[in-house]
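Grab a coffee and work through the exercises below with the structure open beside you. Try each task before reading its solution.

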2 protein chains.
Amino acid sequence: MLGLINNQKKKYFPVLQGRAHSSSFAHRSELRQAKRIVVKLGSAVVTRGDECGLALGRLASIVEQVAMLQNQGREMMIVTSGAVAFGKQRLRHEILLSQSVRQALHSGHNQLKDMSLPVLEARACAAAGQSGLMALYEAMFTQYSTCTAQVLVTNLDFHDDQKRQNLNSTLQELLRMNIVPIINTNDAVVPPPEPNSDLQGVNVISIKDNDSLAARLAVEMKADLLVALSDVEGLYNSPPGTDDAKLIDIFYPGDQQSITYGTKSRVGIGGMEAKVKAALWALQGGTSVVIANGTNPKVTGHVITDIVEGKKVGTFFSEIKPAGPSVEEQTEMARSFGRTLASLHPVQRSEIICHLADLLTERKEDILAANKMDMDLAVRHLPPAMLKRLSLSPAKLNSLAVGLRQIAVAAQDSVGRVVRRTRVAHDLELEQITVPIGVLLVIFEARPDCLPQVSALAIASGNALLLKGGKEAANTNRVLHQLTQEALSMHGIREAVQMVSTREEVEDLCRLDKMIDLIIPRGSSQLVRAIQQAAKGIPVLGHSEGICHVYVDADASVDKVIKIVRDSKCGYPAACNAMETLLIHRDILRTPMFDQIIDMLRNEQVKIHAGPRFASYLTFSPSEVTSMRTEYGDLECCMEVVDSMEEAVEHMHKYGSSHTDVIITENEDTAEKFLQQLDSACVFWNASSRFADGYRFGLGAEVGISTARIHARGPVGLEGLLTTKWVLRGDGHTVADFSEHGTMKYLHENLPVGQPLAGQRDSN
Amino acid sequence: MLGLINNQKKKYFPVLQGRAHSSSFAHRSELRQAKRIVVKLGSAVVTRGDECGLALGRLASIVEQVAMLQNQGREMMIVTSGAVAFGKQRLRHEILLSQSVRQALHSGHNQLKDMSLPVLEARACAAAGQSGLMALYEAMFTQYSTCTAQVLVTNLDFHDDQKRQNLNSTLQELLRMNIVPIINTNDAVVPPPEPNSDLQGVNVISIKDNDSLAARLAVEMKADLLVALSDVEGLYNSPPGTDDAKLIDIFYPGDQQSITYGTKSRVGIGGMEAKVKAALWALQGGTSVVIANGTNPKVTGHVITDIVEGKKVGTFFSEIKPAGPSVEEQTEMARSFGRTLASLHPVQRSEIICHLADLLTERKEDILAANKMDMDLAVRHLPPAMLKRLSLSPAKLNSLAVGLRQIAVAAQDSVGRVVRRTRVAHDLELEQITVPIGVLLVIFEARPDCLPQVSALAIASGNALLLKGGKEAANTNRVLHQLTQEALSMHGIREAVQMVSTREEVEDLCRLDKMIDLIIPRGSSQLVRAIQQAAKGIPVLGHSEGICHVYVDADASVDKVIKIVRDSKCGYPAACNAMETLLIHRDILRTPMFDQIIDMLRNEQVKIHAGPRFASYLTFSPSEVTSMRTEYGDLECCMEVVDSMEEAVEHMHKYGSSHTDVIITENEDTAEKFLQQLDSACVFWNASSRFADGYRFGLGAEVGISTARIHARGPVGLEGLLTTKWVLRGDGHTVADFSEHGTMKYLHENLPVGQPLAGQRDSN
């Protein structure tokens with residue numbers, strides 16, 4: 001009957017198609033297809049740190065995830081530890097109780113203080129705890145309308161063919177009825193486990209810990225995936241904590257010799273080596289395996305679902321080694337070749353960019369053919385505005401090439417420029433010189449013209465570059481990236497610009513915080529925000545919002561107002577530098593100028609939302625805004641009234657995003673005060689907000705617009721991709737020489753900076 | 001007997017002293033003293049989003065926290081919702097089961113598809129769910145060796161004096177036995193609740209929801225603290241989501257008129273207004289109240305313990321309004337007056353700094369007297385090195401004043417400097433000018449000389465400043481801050497530099513991410529790391545590690561080697577710019593120079609750790625290092641052998657922190673290559689690593705050393721506190737004018753930048 005009810009639920013969830021169980025999955029992304037999943041919970045996951053009692057919160061969130069996956073139509077099995085811990089807690093209680101009763105009867109309760117807790121035997125604890133543990137699982141799963149069943153197994157059950165067959169058919173029947181089997185070793189009837197003798201070999205696997213039990217069971221039941229949770233992040237190439245230890249993302253059986261195992265994990269009897277052997281055994285049996293940490297509070301709530309969604313969690317075991325390098329290897333290559341790029345002569349960097357510009361026109365057939373492939377695929381599902389951005393034309397390629405040649409000129413005076421020079425003391429000279437930032441990760445959507453622009457800026461500034469483009473432009477990007485590498489190879493550094501596979505998740509890239517120095521997202525503000533949230537520890541250059549204002553002063557010229565407001569709002573309303581709020585001086589209300597503004601906006605089909613003050617002045621007001629901090633990104637805007645320029649500035653400080661703001665006035669004094677007082681990245685007088693753009697500013701090209709106040713602000717070109725380093729040349733100088741009793745004095749003379757580029761003096 | 005056992009546990013935990021229950025706590029920090037605590041769990045906390053079934057993970061972590069606080073010797077009570085949800089889940093199951101049986105019997109199970117779920121009555125659900133809910137609580141608390149008791153109450157229990165007395169003594173007895181009472185309304189016997197009529201007034205409080213029940217109970221039981229958890233962050237001054245909505249940190253009963261209530265919370269019947277009334281009622285009864293979000297997955301695991309530790313979580317209700325402004329108000333004041341500071345003429349900023357320099361000498365008696373008070377208090381518990389930093393002397397004050405006057409000179413050419421000027425088109429001119437970053441938060445340890453230095457740098461760069469100093473220097477800092485404000489008041493902006501109370505937690509300040517633009521921690525690398533972790537969303541300028549190298553080349557001069565290595569390692573080993581690893585060229589091994597280096601290090605009592613290669617060359621090697629990434633910060637260092645300058649660079653890239661690295665060589669070619677190839681913030685040739693310092697570099701003073709690659713790098717002085725803005729002056733220019741069919745062309749001519757400061761042209 002329960003089977004009936006539970007089966008009925010499958011109607012509401014997509015039922016996954018079963019797959020032929022021939023071999024394990026090759027990529028993490030395929031884990032989404034896993035239908036039958038074994039989740040193994042090590043004792044470190046199930047118990048609290050002190051080993052007494054269970055980690056309830058953790059257990060509950062694991063139950064929640066298992067129930068969720070079950071409700072998606074998957075077949076979930078749990079192999080659990082925990083009976084010992086549950087029993088320990090219970091027996092300790094019982095023993096204390098009986099002791100205290102005895103003591104209370106015989107000697108009065110003051111003697112209780114010296115009572116010590118007995119050492120408990122593990123198998124007795126397991127027996128005492130098993131029933132409670134199962135009751136707890138059942139109570140928890142009931143909350144998600146999921147039924148459970150208890151299955152206790154011993155060594156013999158797997159050695160005896162008949163028993164194994166019985167176990168198999170019992171479990172099959174439970175899964176058929178949509179019940180979650182919860183499997184544990186029948187600890188009460190087995191001898192105590194001996195560490196290190198638990199895995200005799202790959203084919204003869206005995207069951208003395210949950211790792212091998214889970215592996216055995218997963219293969220027996222032809223499970224697609226085994227998720228083995230313990231208290232380590234996964235498999236490291238060296239013992240964690242040593243200088244070179246790195247978490248292995250994907251482990252291939254052939255790599256087994258390349259890792260060094262450390263000491264055993266503190267909790268439980270399964271050390272990492274045993275876990276890996278069990279995992280490899282399961283893999284050979286056709287089950288994919290992920291070993292991950294189930295105790296990290298930051299991920300506990302979603303570790304299992306993340307794994308099933310193909311995210312980079314723990315170590316994934318795969319039999320098939322992918323052809324290309326991993327993204328970590330790509331990043332390391334980029335950094336290494338990037339250092340060579342940085343040490344080239346500026347003229348050489350300039351040559352590379354010019355060569356790339358040439359290739360854009362010489363190979364335009366190849367580029368346009370690839371672009372046509374992308375367009376043909378995209379035309380079905382992309383909206384027209386996005387299609388327009390995706391498409392390339394000979395004219396677009398020509399103007400791209402023109403922009404690149406501008407960057408090539410700027411490249412000749414970028415890296416190694418002396419920005420400050422000081423004579424610190426006699427024979428002690430300090431220079432501050434520009435240097436590349438390091439490794440940039442640029443993430444862009446379906447806009448292939450970004451690729452050569454960003455590459456040229458990175459090359460000009462001597463930065464290594466990782467590119468991650470949108471899927472829709474995959475073919476175009478591949479060709480453009482090949483051309484970039486071809487240009488780079490003229491100085492032997494083709495690997496300084498790397499293209500990351502579209503399969504890589506942005507979130508995973510953002511975790512490479514020791515390897516990437518700056519992330520630049522180019523795309524929608526959703527993309528920027530998502531990346532800012534994901535990028536813990538790596539700076540992100542970008543703007544999340546563009547709430548731009550145009551303020552029409554009392555002394556504004558009507559012609560300029562109409563021109564500028566129209567251009568700011570209607571030219572390209574989806575752009576971040578488009579006007580979102582129009583502020584007008586109170587004196588303009590009910591003047592012909594006001595009527596002209598409204599007429600123009602109506603003609604342009606701009607929907608007006610009234611700010612509260614504006615609404616209060618009108619008899620029939622447009623709909624009042626809910627928030628004056630709205631980025632419409634469309635033919636809509638907010639209108640509000642202010643009493644003065646100062647009030648306009650206050651409004652912008654309060655509701656704006658400090659992106660770009662405009663004043664329209666003929667009064668120079670008012671304008672200059674506005675330009676001085678307003679604290680935005682771009683402040684304009686009598687010009688459209690749409691000028692906030694790297695190309696229009698004359699920066700050649702831009703990598704983006706920054707609303708951050710640190711490092712780069714506003715449109716960011718070449719300069720924003722540089723940082724500095726300090727170079728001090730002495731002759732055996734020590735700080736002690738400058739102490740009270742020392743022989744030297746600080747001079748701190750500023751020297752002129754117009755000297756040949758540092759580092760180029762001797763190398764040519 | 002259970003009481004006996006549980007009481008015994010108190011031995012292991014500090015038993016808090018009971019306090020006279022006269023009035024609530026005035027400050028959050030006092031919440032640590034709360035002995036008797038009521039935790040109220042709203043239905044939104046206990047149930048899952050879909051209102052069916054319980055949120056088990058959340059509940060388990062709450063149980064964990066309550067058990068932990070109980071084990072600290074506190075008396076914990078829980079007022080819980082959840083019986084309805086538990087019962088709903090259970091009844092739905094039962095009804096489905098009986099329906100499916102009926103359908104299976106009568107019409108075959110294909111008809112099941114159309115079966116719909118019945119609407120369940122809340123009180124029946126409550127009755128069905130109460131036993132299950134209590135069993136769940138008991139099972140969970142048992143895991144923490146904590147006993148629970150069920151108490152169901154109705155309206156009448158509080159209206160009838162005798163019954164109230166009975167309830168009171170039952171609960172007192174349970175608390176005495178160290179049992180956690182779990183209280184719920186006896187929903188089965190009450191009429192359905194009517195929203196909005198639940199609180200008739202402050203003194204006549206009826207029990208129809210858990211908010212008022214919890215308040216009533218807390219006062220009746222003379223609880224010190226009521227923690228009311230629901231699904232809102234706390235009390236907002238306006239409905240959350242509106243433009244001006246701000247979470248109120250501390251709410252005073254007198255402020256009640258200043259807030260606007262929005263619509264009711266989705267789940268449960270207690271809206272925010274009802275919650276506030278209940279909270280105020282409890283407060284009047286002498287119980288402190290915190291309203292907080294128990295459903296935010298980021299904090300669920302520690303929301304209750306955080307509150308009891310005095311952290312800024314949710315809204316704290318206090319009867320006593322503190323004298324000074326809140327830190328949020330201080331930050332707003334600082335930003336507002338900071339904008340005036342930024343708009344002063346550079347000469348005026350310079351005047352303020354000179355005045356401060358004068359005050360440092362004029363008022364030295366006041367400063368030194370305050371410093372003596374701090375020293376007298378600190379002498380007992382601070383180590384000598386820290387005492388030395390804490391102490392001021394007339395000489396120290398004089399050199400401080402000298403430094404300030406240097407900053408005053410630099411201030412005259414900082415804010416408003418044109419760094420780029422472009423003629424974009426005819427009559428359209430673009431300037432990039434320097435502007436302040438905004439509001440800085442500088443956190444420094446017991447080092448009062450930081451205060452005037454940092455203030456002067458902030459004033460020179462036009463930035464508003466929040467200062468948070470170490471407790472040990474409280475008296476000195478207060479006087480120095482007063483002098484800073486006195487200097488600022490000469491131009492009417494004394495509030496531009498604010499001192500934050502020592503009571504404020506750094507962690508809480510780091511949460512003001514919309515209000516603070518840059519955090520600068522000055523102190524130990526632990527401080528920097530802690531702040532980098534806490535500061536989500538605010539950039540932090542600082543260095544977390546200083547693993548500095550000195551490389552002794554084959555062509556090094558022995559005199560310089562001995563001088564520089566001694567100065568780099570032994571001058572001040574705790575400094576971040578001290579040498580941690582000494583790399584020597586292989587050719588030097590077993591030469592007299594090598595012996596001299598070793599002798600010098602031995603004489604200076606430097607403990608040497610051998611790198612793996614160095615160890616392999618020696619017959620009797622010193623202890624081998626565990627990691628070559630160690631910052632010893634003491635008279636210890638690592639020594640390693642390299643084959644070439646290139647290998648030294650590679651070693652530094654791999655194991656260093658890109659802070660400061662030195663080459664000692666007489667070969668200019670090798671040196672220049674090293675300076676060019678090495679990617680560190682400071683690269684030195686034949687000079688001690690200890691020169692990496694703002695003062696020694698001639699920056700006047702420094703706010704810190706940055707190992708970040710973005711914004712500022714290396715020692716950071718005035719320049720690092722500036723950013724830029726772009727000023728565009730047009731005459732009605734639109735982007736459309738420059739389109740294919742437009743009338744204008746981009747010129748993008750670079751113009752000379754040596755012009756009067758922007759914004760100062762017209763204002764004088």
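**Exercise 1.** Find where Asp553(A) sits in the chain, and work out what surrounds its side chain.

*Solution.* Keep in mind that this is a predicted model.

- Step 1: Asp553(A) falls in the loop that links strand 15 (548-552) to helix 20 (558-570) of chain A.
- Step 2: Check for a charge partner. A salt bridge would need a Lys or Arg side-chain nitrogen within 4 Å of a carboxyl oxygen. The nearest side chain of opposite charge, Lys673(A), is 11 Å away, so with that cut-off Asp553(A) has no salt bridge, although Asp553(A) is buried.
- Step 3: Look for polar company instead. The side chains of Asp553(A) and Tyr551(A) make a polar contact of 2.7 Å.
- Step 4: Leaving aside residues up to four places away in sequence, Asp553(A) touches His585(A), Ile588(A), Met645(A), Ile664(A), Thr665(A) and Thr670(A).

**Exercise 2.** Trace the sheet that contains strands 11 to 14 of chain A, then find which helices lie across its strands.

*Solution.*

- Step 1: The 4 strands make an open, parallel sheet in chain A, ordered 13-12-11-14.
- Step 2: Strand 13 (497-499) and strand 14 (518-522) of chain A are at the edges with a single partner strand each, so each has one side without a neighbour in the sheet. On average, neighbouring strands here are turned by 20° against each other, ignoring direction.
- Step 3: Zoom in on strand 11 (439-444) and strand 12 (464-468) of chain A, a parallel pair with 5 bridges. Here Leu440(A) stands opposite Leu465(A).
- Step 4: Add the helices. Helix 17 (474-488) of chain A lies across strands 11, 12 and 13, at about 160° to strand 13. Helix 19 (525-534) of chain A lies across strands 11 and 14, at about 160° to strand 14.

Terms used
Residues numbered from 1 in each chain as written. Chains lettered and ligands numbered in written order. Predicted model: local features only at pLDDT ≥ 70, side-chain atom pairs only at ≥ 80, totals over all residues. Heavy atoms only, no water. Helix = DSSP H or I, 4+ residues; strand = E, 2+ residues; numbered from the N terminus. Buried < 20%, exposed > 50% of the residue type's maximum accessible area, 1.4 Å probe, protein only. Lys, Arg positive; Asp, Glu negative; His and termini not counted. Polar contact = N/O pair within 3.5 Å; in protein donor to acceptor, adjacent residues only side chain to side chain. Contact = heavy atoms within 4.5 Å. Pairing = 2+ DSSP bridges. Axes fitted to C-alpha atoms, helices over the stretch in contact; angles between N-to-C directions.
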